[in-house]
Amino acid sequence: MSAAFVWTVILGLGLVTALIRYSFLGLFHRVAIPPRLRTVLSFVPVSVLPAVAAPMVFAADHSAALPVAAKVAAALFTLVIGIGTRSMMGALLAGVAATPVVMWLAA
Amino acid sequence: MQTDPASPDTGQPRRAFLRGFLVTLPLQIATVPFGLVFGALAVELGLTAWQAIAMSVIVIGGVSQLVALPMMAEGAPALLVILTAAIVNLRMLMYSAALAARWEGVGRGPRLLAAWFLNDQSFAVSQHRYVERPEMTPAERAEFFLGSGCCCLIFWTAATVAGALAGSRIPEGWPISFAVPLVFIAISVPFLRGAPNLAAAATAAALSTALHGLPYGLGVIPAALAGIAVGTVLSGAKR
């Protein structure tokens, strides 16, 4: 990765994110957020996170350290523990702990 | 609007800053693992430790940073990486609007600082405090938020440093990049309530997997937009 590329991403993402944060606080702070926009935005995390995560789980890994079946098993385990315990940390720790186990089972 | 009509009792805002810092402290147990994952993965995927740390300090958006990393490693165009990762941060529009409503008369300084380090935790903690203590002045509210933000900034940066230093020592063959989807699944869990949210998540996951053949993770944006659309339509139908 060239340094110019990395710094472009870092500074670009930093700038765009700062503008998003500054929007109502500084740029148009007399404007109330429209309810319709609020509804749309409330679905951003719940859509973006699975959109990013799903292909990482379901598609074959280029390093192939983890077969797809093992990844799906570890991901499902994380999801089930998360829903069962309603704990973000519990889910993450369970998933991380399960990964070497499924790797070993798949090997 | 720009001058600070902060209460004459100037001792109060300082105390609010410290309070904000302390109240946010226990939550750092959640920040640290994500920072470690980001730092380690960034180094593994080819960023230098300094670049990883700079990214954490400049962006302060863990999820967007973790979204950007694999795309960068794949050599996606910078603009596409920025756009995809920025979509993740669009939720902060809501936070910005909610804070603005409580910060009437607060000067430009705190607003600019918020543009730098407004994050999920500080927003949630502050909003909770504002509701609990309606007697707080806008200046105190801003100070409370800034204290909370400083706490997150310090721990997020420190965890990134630790992760970046550890990352170069992680043995070859350890699938640490697989921690990224696990992190995202763990973060999604609290949102997975009710039909509109579940449908949004399922749509986005299915479409994104179907579009996985596209280069550079190009499928993520349409998949996320489809999920947002499905959730919005369903929530409208329910009302």
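Reader: Is Asp120(B) buried, partly exposed or exposed, and why?

Author: Go by relative accessibility: partly exposed is the band between under 20% and over 50%. In this predicted model, Asp120(B) comes out at 32%, so it counts as partly exposed. Its salt-bridge partner is Arg91(B), at 2.7 Å, N to O. The pair links distant parts of the chain, with Arg91(B) in the loop between helix H5 and helix H6 of chain B and Asp120(B) in helix H8. Arg91(B) counts as buried, because its relative accessibility is 6%.

Reader: How many salt bridges are there over all chains?

Author: The whole structure has 2. Glu143(B) and Arg14(B) meet in one, at 3.9 Å. Glu143(B) sits in helix H9 and Arg14(B) in helix H1 of chain B, so this pair ties together parts 129 residues apart in sequence. Between chain A and chain B, the count is 0.

Reader: Then how do I read the interface, and what area do chain A and chain B bury?

Author: Interface size is often given as the accessible area lost when the parts come together. Here, chain A and chain B bury about 6700 Å² between them, 79% of it on carbon and sulfur atoms. Chain A puts 65 residues into the contact, and chain B 85.

Reader: And nonpolar side chains: which residues have the most contacts inside the largest core?

Author: In soluble globular proteins, such side chains tend to be buried together. The largest nonpolar core here has 95 residues, and Leu66(B) and Trp103(B) are among those with the most contacts inside it. Beyond its close sequence neighbours, Leu66(B) touches residues including Phe38(B) and Phe184(B).

Reader: Which nonpolar residues form a patch on the surface?

Author: Leu15(A), Leu19(A), Leu27(A), Phe28(A) and Val31(A), with about 480 Å² of accessible area together. Phe28(A) lies in the loop between helix H1 and helix H2 of chain A.

Terms used:
Residues are numbered from 1 along each chain as its sequence is written. Chains are lettered from A and ligands numbered from 1 in the order in which they are written. This is a predicted model: local features need pLDDT of at least 70, side-chain atom pairs count only at pLDDT 80 or more; totals for chains, interfaces and linings use all residues. Side-chain values use heavy atoms; hydrogens and water are left out. Patches are made of residues with over 30% relative accessible area and no salt bridge: like charges are joined within 9 Å, nonpolar side chains (Val, Leu, Ile, Met, Phe, Trp, Tyr) within 5 Å. Accessible areas come from the Shrake-Rupley method with a 1.4 Å probe; for residues, only the protein chains shown count as cover. A salt bridge is a side-chain nitrogen of Lys or Arg within 4 Å of a carboxyl oxygen of Asp or Glu. Helices (H or I, at least four residues) and strands (E, at least two) are DSSP runs, numbered from the N terminus. A nonpolar core is a set of buried Ala, Val, Leu, Ile, Met, Phe, Trp, Tyr and Cys residues joined through side-chain atoms within 4.5 Å. Buried means under 20% relative accessible area, exposed over 50%, partly exposed in between (1.4 Å probe, protein chains only). Contact means heavy atoms within 4.5 Å. Buried area is the accessible area (1.4 Å probe) that two parts lose on being put together, summed over both. Lists of a residue's contacts leave out its neighbours within four places in sequence.
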